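Open the model in your viewer and keep the selection tool at hand. The stops below go from one residue to wider regions.

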Amino acid sequence: MERILVFILVILYFISTDIACNGHTHINNNVQYEQKALIDFKNGLTDPNNRLSSWTGNNYCYWHGIGCENGTGFVVSIDLRNPYPYPLENEYGNQSYMNLSGVISHSLIKLKYLKYLDLSFNSFKAITIPQFFGSMKNLIYLNLSHCGFIGEIPSNLPNWLSELKHLEGLHLFHNQLQGSIPSSIGNFCNLRYLDLSDNQLQGSIPNLIGNLSNLHHLNLRNNRLSGTMTEQQFWKLSNLEYLYIDSNSFRLDVSSNWTPPFQLKYLVMGSCHIGPAFPAWLPSQKYLMYLDLSNASISSEFLPNLHFLSLSGNLITGTIPNSIGHLSSLEVIDFSSNNLTGSIPSTINNCSHLMVLDLGNNSLSGRIPKSLGQLQLLKSLHLNRNKISGEIPSSLQNLTSLDVLDLIYNNLSGQIPAWIGTTFANLVILNLRSNMFSGRLLPSLLSNLSSLHVLDLAQNNMSGEIPVTLVELKAMTQERDMGIYSLYGNGRSYQYEERLIVITKGLILEYTRALSLVVSIDLSDNNLSGEFPKGMTNLFGLVFLNLSMNHITSQIPESISKLRQLSSLDLSSNNLFGSIPSSMSSLSFLGYLNLSNNDFSGKIPFIGHMSTFTDSAFTRNPNLCGAPLVIKCQDEDLDKRQSAFVEDKIDGGYIDQWFYLSIGLGFAMGILGPYFVLAMKRSWCDAYFDFVDKIVKWLVFRRRVTYARNHAQRQ
């Protein structure tokens, strides 16, 4: 039995040794095999910037761009994506590219465990995509984007399918690929990312692409594709979130009751024929963040009863179509906060019921169309934060119902029309900040704006004096006025909420429901001159006042204390002089004050509410002194000593008088009080003096006894 056991152990020893040696030899052979494949691949490349300088030695797992499998050392990834695809200013000051070029060696096929290959943003120009890529059966990710490949997508794509069954990402964008998309691409059952954009592909989208149930991202934009897209191309695309098919010539043909299997986040179908009806399936896309349906042949004739249209706060691109004028029942158009370009279509005047037009915060250009003057029911016009140029057209004076005119941050020029003051009797907000308006601020501009709450002409090139007609802004003379319209919608379930941007206290504030509380004048950053208008101090309701960065002279009037609602006052960077009125200490609501960079002089009235401000409110006034500035006034110490002396004299006199008076009264009461009592009652007098005699006798006796004891002790 023992002999049999020994025999078995010997056999197992030789078997295990053979396996171990052959396995080790097998791994070593594979390592050498893969290393040679990488060296052959490198030798076929042109590397002008030595990106592959680390490709030396035997440990290729540490070479730049190479990833290996733990334990075996097999190459599983090659990432040679160009890290700087555009011209780079290097340390030597020369323009440089980090592109690899040359020939892609067939030796890559020897890397049998390769899963990830990224050669994007290099320069393999004038060559076709290698056919052997289809034989790399373990490949999961292939990115050959922006490499300059030409020709067609490999003709042996059907052969790829049997080999590249694990492929999840195929990126071939921005090459010069031609031909059609092979229908067999629909058999890549694991494909999640397909990007064939920016090529020269032609033909239609194969129906089998609808079988890619795992597809998450489909980008076919900017090709020469055409044909009709039906529900079949989207049949199983339940995981699709990003769809880019713009800049082609597709026609979408789906039934009116079609419900897509997907929930998109990005949908870009610009220049595709989608209309004439608005896509009925689009409201089903609940998670949509970006939508581009520009030039999509959608006709507004299918929305004849639409009253309220808001697409604000999206990432919509393209131009506003001329067909917007067909929506003649519209009362509110809100396209604000998008990426719209081009000019405002003149056909918008056909929307004769329009009350609100908000195109703010886009990139619109051109001039304000004269046809806007035909919208006689218009109450709110927002064209702010665009690139609109030219003058304010005179036709706008027909908008007699206008409450809000917001044209800030544009390139408008010329003189602010005087007819604004005579025409817009109901105007509540006039906001023309940050344009290129010039000329004098005409008195007639402010002569009839009795409802105005907000006047913002800052950051222009206005000149001349501030008109005294400011006092005629009657709405600003009321300390509380809640009469600003903030909602539009004619009582229906939809409403447009008015909003206003106010720049104050160094902050950008947006007001909506609290808009009624805003009463503001901002004429800052112009070339205004003359004296501080005393009539402005009669605008008791003012909350924000900014006249900074002008050339205003004179003193601040003492009557400024009448502006009891003032929350922010900025008069910095002018030529104001004289002393700062002490009456300003009574402005208890004042939270922001800036009087810096003027010619004020004397001592700062650092009392009351004025003591809440720091030195930054008073800096760069060379003749100004006293707290909170570190500069002391020349007579400040003398004033302190005199004040202390007077206070001591006054306070000490009172103390001495009361002290001596109290002593005198106490002495009198101590002497005269008992005298009157004893004089009135004889028996009390006898008893009192008997008691005093006894006390005296007892004290004399105690003293004699004490003396006798002390004398005896000395003897």
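Select L291 first: its relative accessibility is 19%, so L291 counts as buried (buried means under 20% relative accessible area, exposed over 50%, partly exposed in between, with a 1.4 Å probe and protein chains only). L291 belongs to strand β19, residues 290–292. Helices (H or I, at least four residues) and strands (E, at least two) are DSSP runs, numbered from the N terminus.

This is a predicted model, in which local features need pLDDT of at least 70 and side-chain atom pairs count only at pLDDT 80 or more, while totals for chains, interfaces and linings use all residues. Residues are numbered from 1 along each chain as its sequence is written, and side-chain values use heavy atoms, with hydrogens and water left out.

Now show what surrounds L291. Leaving aside residues up to four places away in sequence, L291 touches L267, L282, L315, I316 and T317 (contact means heavy atoms within 4.5 Å). Add N314, which is 23 residues from L291 along the chain, with 7.7 Å between the two C-alpha atoms.

Keep L267 selected and add F234, L243, L252, W258, F262, M269 and W281; with L267, these residues line the largest cavity. On a 1 Å grid over the protein atoms alone, a cavity is a set of points where a 1.4 Å probe fits but cannot get out; a pocket is an open set with protein on both sides within 12 Å along at least five of seven lines; lining residues have an atom within 4 Å of a point. The volume of the largest cavity is about 40 Å³. Grid points are joined across faces, edges and corners, and a volume is the space filled by probe spheres set on the points. What classes of residue make up this lining? It has eight nonpolar, no polar and no charged residues. Here Ala, Val, Leu, Ile, Met, Phe, Trp, Tyr, Cys and Pro count as nonpolar, Asp, Glu, Lys and Arg as charged, and the others, Gly among them, as polar.

Next, select the strands of the open sheet of seven, in the order β25-β27-β29-β31-β33-β39-β41, with parallel pairing (two strands pair if DSSP finds at least two bridges between them). β25 (365–367) and β41 (551–553) stand at the edges with a single partner strand each, so one side of each has no neighbour in the sheet. From one strand to the next the twist averages 15°; axes are lines fitted to C-alpha atoms, for helices over the stretch in contact, and angles run from 0 to 180 degrees between N-to-C directions.

Step through three of the pairings:

- β25 and β27 (387–390) run parallel and share three bridges; G366 is opposite I388.
- β29 (411–415) and β31 (436–440) run parallel, also with three bridges; S413 is opposite M436.
- β31 and β33 (461–465) pair in the parallel sense over three bridges; R440 has S463 as its bridge partner.

Then select R433, I503, T504, D522 and N546. Of the 25 residues lining the second largest pocket, these lie nearest its centre. The pocket holds about 290 Å³ of space. Which strand gives the largest share of its lining? β36 does, with five residues. The lining has ten nonpolar, nine polar and six charged residues.

Finally, show the whole chain: five helices and 46 strands. Of its 715 residues, 44% count as buried.
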